[in-house]
Amino acid sequence: MGSRWIYRKRVQLNRAYRKRMDAWENDLMSAATNRVVREFDWGLDWTEGWPAALRVPRNGQEPSEYLHLLNEMAVADSDEFFGYETPRDFQMSRDLLRFTSAVKTRYPENNTAYAQWFPAPNRGGRAVIVLPHWNAKVHEHVGLCKGLQFLGLSALRVSLPYHDRRMPGELERADYAVSSNVARTVDATRQAVIDIRSSVDWLEQQGYNRIGLVGTSLGSAYAFLASAHDERIRTNVFNMFSLYFADAVWTGLTTKHIRDAIEGEIPLDGLRAAWKAISPLSFMDRYARFEKKSQFIYSTYDTTFLPKYSKMMLEEIRLRELDHDVVVMPCGHYTMGKSPFRYVAGYHIASFLLKNM
């Protein structure tokens, strides 16, 4: 009788906690009132700079057919797809690094990459690239960088494409990074990966040879793709992650306005095929090529990157017997950035990096 009562009480408490978390997540998500449902577009004009498109121009195929073909080719030769020439114009002004992105877009603001630099006094050759979440403001994740700096790890906070200083004047949000323009979303991801690898080039030029990555949410997806294609990145923290790019957008609370534009134009399996070249699932074996230390952090009540997709990614990691740690947080996607959860996550991130770099 006693054990049954305890079990019932535990179930009741879990339900009450979940209800509170869901309400808090919805309140935080609803604080932004400037989401725009934009028109669906295959965006084939955004494929023109992709290596595969240069070799195989469109020849009467339907937009979906051609984009699926380009994705298959990109996955088959992803070292080429995410390949680049090292920028030659790295410039440091105070604590701000800037350079011309190796991927050129039609938006001049977005063609310059920026990164805030937090050098540690006793650097020891160790530096961490910090990749913020989608729609992060320029001041966000600075606290993490300063904490790592205090602990002796230099940190470089890289602005994502179409974010903060890189945002076109017509936008209020970083809508062009992830949107109902299918090919532009792929192009933005390709640019992010190449900008990250270019940042590694700069760190090497400064004498850093032990390089780690911390990616959060969208930054986590970018981090995985970059690390899968760059042996120099040996220590990785993926804070809120998903095995699929398309499924996270399709099912996430944060991206409902994008699904509203896409649904009816393309089914989920078609979106998976159209975003195959930016989905972590496509590059699990490439990630496993290199010896890496990895930490995966996900939250039990995440309504943006559903936990089932995080668990599926962990299963792929375990199948390959890769060296990794797992941290499960009792919060959601938005609440991860609130007290006390952000401090707990920060402790796990810093401890992992200090131990493994």
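Q: What share of the contacts in the chain with a separation of 6 or more comes from residues 24 or more positions apart?
A: In this predicted model, residues 24 or more positions apart account for 75% of those contacts, and the chain that makes them holds 13 helices and nine strands.

Q: Why does the radius of gyration of the chain agree with that of a compact globule?
A: A compact globule with 357 residues would have a radius of gyration near 21 Å, and the chain has 20 Å, so the two agree. Along the principal axes, the C-alpha atoms fill a box of roughly 70 × 55 × 40 Å.

Q: What percentage of the residues of the chain count as buried?
A: Buried is the word for a residue with under 20% relative accessible area, and 55% of the 357 residues count as such.

Q: Why is helix α6 called oblique to helix α7?
A: The axes of α6 (residues 182-205) and α7 (residues 218-228) come within 9 Å and cross at roughly 60°. Roughly parallel would require an angle under 35 degrees, and roughly perpendicular one of 65 to 115; the crossing therefore makes α6 oblique to α7. In hand, the crossing of the two helices is right-handed.

Q: Which residues make the contact between α6 and α7, and how many of them are nonpolar, polar or charged?
A: From α6 come Ala188, Thr189, Ala192, Val193 and Ile196, while α7 contributes Tyr222, Ala223, Leu225 and Ala226. By class, eight of these residues are nonpolar and one is polar, with no charged residues in the contact.

Terms used
Residues are numbered from 1 along each chain as its sequence is written. This is a predicted model: local features need pLDDT of at least 70, side-chain atom pairs count only at pLDDT 80 or more; totals for chains, interfaces and linings use all residues. Side-chain values use heavy atoms; hydrogens and water are left out. Axes are lines fitted to C-alpha atoms, for helices over the stretch in contact, and angles run from 0 to 180 degrees between N-to-C directions. Helices (H or I, at least four residues) and strands (E, at least two) are DSSP runs, numbered from the N terminus. Angles under 35 degrees count as roughly parallel, over 145 as roughly antiparallel, 65 to 115 as roughly perpendicular and the rest as oblique. A crossing is left-handed if the near helix is turned anticlockwise from the far one by less than a right angle, and right-handed if clockwise. Contact means heavy atoms within 4.5 Å. Ala, Val, Leu, Ile, Met, Phe, Trp, Tyr, Cys and Pro count as nonpolar, Asp, Glu, Lys and Arg as charged, and the others, Gly among them, as polar. The radius of gyration is taken over C-alpha atoms; the globule rule is 2.2 Å times the number of residues to the power 0.38. Buried means under 20% relative accessible area, exposed over 50%, partly exposed in between (1.4 Å probe, protein chains only).
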